[in-house]
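Reader: I am in my first year and would like a close look at one part of this structure. Please go slowly and keep to what can be read from the model.

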Amino acid sequence: MHPIALSILLGLTAAVANVFGGAIIVQKHWDRSYLRYFVALGAGFMLATSIIEMIPASLEIRGRSAAFLVLLGYLIIHFFEHTVTPHFHFGEETHRDEFLDIHKSYSVLFGLVIHTFFDGIAIASGFIVSNWLGWIIFLAVFLHKIPEGFTITSVMLASGKSRGTSWASSVALGAATVAGVLTMAVFRHQVSFGLPLAAGVTIYVAASDLIPEVNKEPGVRMALLVFIGVGCLFLLDHFFH
Ligand SMILES: [Zn+2]
Ligand SMILES: [Zn+2]
């Protein structure tokens, strides 16, 4: 399949996972305990993918200046998720008192829209470079997509929005992911710009969004799952690369 067609198809798959994550929280009786395993596995797999695969590929196609773009990608997400947004963390939002001001929930949505746009940029730039890079970046993105949709929908619910509006916010994240894929498809000759930026974003999501959630869990099981996430990348590399 053509790399662009494949990235659009997988971008849509990732978007569906966002929407499914949102549905889990509006459907109160749906089980959600397994989501934390996605967070821990996703953290390890994303961290390994960005450092072991995305950064070296970026340096190869752009040279040393790719390092600056990796840092820029990291800082863009720090700015939109944790600087202009007063209260944000992955997982279920239970601090209702933080969202008495309705605008706060929109600042979280805006921050996550920027982040998910780069999830899409990451998938498409991966496939533009190689099939292997595209698939593992897709897996890395996919592993945190359900918790991501879950997170934004719970923020909206905490701020007092209806279940329909709250769920729609997870659809917005899915749409931003597909928009990222399409943007990279149009600007495919700028992949040496998109890939390092997306690498920085992926490091941020793994190390600064997901790992803190893993660390909140008591016991050693969740912490160990991060290593299994890392190990999965090496296994895939051994058998399929
Ligand atoms: Zn909170
Ligand atoms: Zn994401």
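Reader: Which residues in H2 meet which residues in H3?

Author: Please keep in mind that this is a predicted model. On the H2 side the residues are Ile55, Ser58, Leu59 and Arg62, and they meet Ala66, Ala67, Leu69 and Val70 in H3. Sorted by class, this contact has six nonpolar residues, one polar and one charged. In general, two packed helices are described by the angle between their axes and by the distance between those axes. Here, H2 covers residues 35–62 and H3 covers residues 66–82. Their axes come within 9 Å and cross at roughly 135°. To name that angle, a cut-off is needed: over 145 degrees would count as roughly antiparallel, and 65 to 115 as roughly perpendicular. H2 and H3 are therefore oblique to each other.

From this pair of helices we can go on to the metal sites. The zinc ion (ligand 1) has protein donors from His87 (NE2), His89 (NE2), Glu93 (OE), Glu93 (OE) and His95 (ND1), at 2.0 to 2.6 Å. Along the chain, these donors are spaced as H-x1-H-x3-E-x1-H. Two of the histidines can be checked for burial, where the limit is under 20% relative accessible area. Histidine 87 counts as buried because its relative accessibility is 14%. Histidine 89, at 13%, counts as buried too.

The zinc ion (ligand 2) is held by His115 (NE2), Asp119 (OD), His144 (NE2) and Glu148 (OE), at 1.9 to 2.0 Å. The spacing of its donors is H-x3-D-x24-H-x3-E. Histidine 115 lies in helix H4 and glutamate 148 in helix H5 (residues 131–158), so this pair ties together parts that are 33 residues apart in sequence. The angles between the four donor atoms run from 93 to 119°, so the arrangement is tetrahedral.

Histidine 115 and glutamate 148 are both buried; for histidine 115 the relative accessibility is 0%. Apart from neighbours within four places in sequence, the contacts of histidine 115 include Ile77, Glu81, Phe90, Val201, Val205 and Asp209, and also the two donors His144 and Glu148.

Helix H4 (residues 102–129) also holds isoleucine 123. With a relative accessible area of 0%, isoleucine 123 is buried. Not counting residues up to four places away in sequence, isoleucine 123 touches Ser7, Gly11, Ala14, Gly134, Ile137, Phe138 and Val141. Its C-alpha atom is 6.7 Å from that of valine 181, although 58 residues separate the two along the chain.

One of those contacts, alanine 14, belongs to helix H1 (residues 3–26). Alanine 14 has a relative accessible area of 0% and is buried. Among the residues in contact with alanine 14, beyond four places in sequence, are Ile123, Phe138, Val141 and Thr177. Glutamate 81, on the other hand, is 67 residues from alanine 14 in sequence and 20 Å from it in space, C-alpha to C-alpha.

That leaves threonine 177, which is placed in helix H6 (residues 163–186). Threonine 177 is buried, again with a relative accessible area of 0%. With neighbours within four places in sequence left aside, threonine 177 is in contact with Gly11, Ala14, Asn18, Thr116, Asp119, Gly120 and Lys145. Asp119 in that list is also one of the residues that coordinate the zinc ion (ligand 2).

Notes. Residues are numbered from 1 along each chain as its sequence is written. Chains are lettered from A and ligands numbered from 1 in the order in which they are written. This is a predicted model: local features need pLDDT of at least 70, side-chain atom pairs count only at pLDDT 80 or more; totals for chains, interfaces and linings use all residues. Side-chain values use heavy atoms; hydrogens and water are left out. Donors are N, O and S atoms within 2.8 Å of the metal (3.2 Å for Na, K and Ca); water is not among the atoms, so sites may look incomplete. Buried means under 20% relative accessible area, exposed over 50%, partly exposed in between (1.4 Å probe, protein chains only). Helices (H or I, at least four residues) and strands (E, at least two) are DSSP runs, numbered from the N terminus. Contact means heavy atoms within 4.5 Å. Axes are lines fitted to C-alpha atoms, for helices over the stretch in contact, and angles run from 0 to 180 degrees between N-to-C directions. Angles under 35 degrees count as roughly parallel, over 145 as roughly antiparallel, 65 to 115 as roughly perpendicular and the rest as oblique. Ala, Val, Leu, Ile, Met, Phe, Trp, Tyr, Cys and Pro count as nonpolar, Asp, Glu, Lys and Arg as charged, and the others, Gly among them, as polar. Four donors count as tetrahedral if all angles lie between 85 and 135 degrees; four count as square planar and six as octahedral if opposite donors are over 155 degrees apart and all others between 65 and 115; anything else is irregular.
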